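Please look through the fold below with the backbone in view. The paragraphs that follow move from a hairpin to the packing of helices.

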Amino acid sequence: MNKLFIEMKELINKQNDDEFEFFISNHQELLKEDPILFISNHVSYYAIQENVNKVLEVISFYQNAPYISMTVEDLLKELRQNVERLNAPRKTITIEELKTNLLSKNEEKIASCFDYLSKVNIRIYLDIIKEFLLQDVSYKYKTLALFILIEQKVDEDVKVLKDGLVYTLNPNMLELPFDTYEYQESKRLIEVLNEDPQVKDYAIEIMNTCQIKEFPDSFLTLDNVDFMKDIFIHMAKTYLCLQSSLIELSRRHEISISKCEEIISELNQIISK
């Protein structure tokens, strides 16, 4: 990717209007190089702010520009439709209400908070989110918070309490657990197997659960996706009371049975959390 596009992404995270517009006006050559990426970034800058009027202004500018391709025109139509979602009326929650509900340890109230936060600019509530991530609450809700921070590309360190340890993370440097190459490759390897669809679906479900509950860590690495694919298939067959040979799996990957059993035990512990 052109380094200027990387700089453009950094400016989106920085959220300084003057710097961003100066960049836009001085690098129009990027519009010719990759119009889809350039326009998407330009719109994203103001979408993060939920500045609907400015988003519409940017979209209209490009729609009226000469020589736009059909692909770009389709993109602009799609972006305009997304703006309608941004502009839809919704209940506003005050900072104090959000703080009270998030720190209440009431799972229903916490879930409701994250449904709301997924639709707004989470940076407004960042101080409360940071406090929440250090609370002794179910980790599944902390992962929801982290997922929203990642999706909105929040470029700021946050601390999260997990299993008695405090992790320092920068959401902008993380991938969502289902977006990683390792996950995608492991899932692909499972899907192409000549196995019962029920077994494959269950294996993917097991993998998904482990990915979410272990996040930001993962059992998947570049070197073990094929091995872990077989582990997840073995676990799925075991849960479904179908025949599966751990000895054969061990021989195929030249990994001891005891090591395979240890990994399966660790995964079962994660699933049962």
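Which residue takes a positive phi in the hairpin of β1 and β2? In this hairpin, which has two residues between the strands, Asp163 does so, with a phi near 55°. This is a predicted model, in which local features need a pLDDT of at least 70 and side-chain atom pairs count only at pLDDT 80 or more, while totals for chains, interfaces and linings use all residues. Residues are numbered from 1 along each chain as its sequence is written, and side-chain values use heavy atoms, with hydrogens and water left out.

The protein averages a pLDDT of 88, and 95% of the residues score at least 70, where pLDDT is the predictor's confidence in each residue, from 0 to 100. Among the elements of the protein (helices being DSSP runs of H or I of at least four residues and strands runs of E of at least two, numbered from the N terminus), helix α6, residues 70-86, has the lowest mean pLDDT, 76, and helix α13, residues 225-239, has the highest, 95.

The two strands of the hairpin, β1 (residues 158-162) and β2 (residues 165-169), pair in the antiparallel sense over five bridges; strands are taken as paired if DSSP finds at least two bridges between them. Lys162 has Leu165 in β2 as its bridge partner. Ahead of this hairpin, in the loop between α10 (139-151) and β1, lies Lys153, a residue other than glycine whose phi is positive, near 55°. Most residues other than glycine have a negative phi, and most peptide bonds are trans. A cis peptide bond joins Phe215 and Pro216, with omega about 10°, and Pro216 is found in the loop between α12 (197-214) and α13.

Helix α13 can now be followed through its packing. With helix α11 (residues 181-191) α13 packs at an angle of about 55°, the axes being 9 Å apart; axes are lines fitted to C-alpha atoms, for helices over the stretch in contact, and angles run from 0 to 180 degrees between N-to-C directions. The two helices α11 and α13 are therefore oblique to each other, given that angles under 35 degrees count as roughly parallel, over 145 as roughly antiparallel, 65 to 115 as roughly perpendicular and the rest as oblique. In their contact, defined by heavy atoms within 4.5 Å, Glu182, Glu185, Ser186, Leu189 and Ile190 of α11 meet Val225, Asp226, Lys229, Phe232 and Ile233 of α13. The residues of this contact of α11 with α13 divide into five nonpolar, one polar and four charged, where Ala, Val, Leu, Ile, Met, Phe, Trp, Tyr, Cys and Pro count as nonpolar, Asp, Glu, Lys and Arg as charged, and the others, Gly among them, as polar.

Helix α14 (residues 246-253) packs with α13 at an angle of about 180°, with the axes 11 Å apart, which makes α13 roughly antiparallel to α14. Here Asp226, Phe227, Asp230, Ile231 and His234 in α13 meet Leu246, Leu249, Arg252 and His253 in α14.

Helix α15 (residues 257-271) packs with α13 at about 65°, with the axes 11 Å apart, and α13 and α15 are therefore roughly perpendicular to each other. The residues of α13 that meet α15 include Met228, Met235 and Tyr239, and those of α15 include Cys260, Ile264 and Ile271. By class, this contact of α13 with α15 has eleven nonpolar, two polar and no charged residues.
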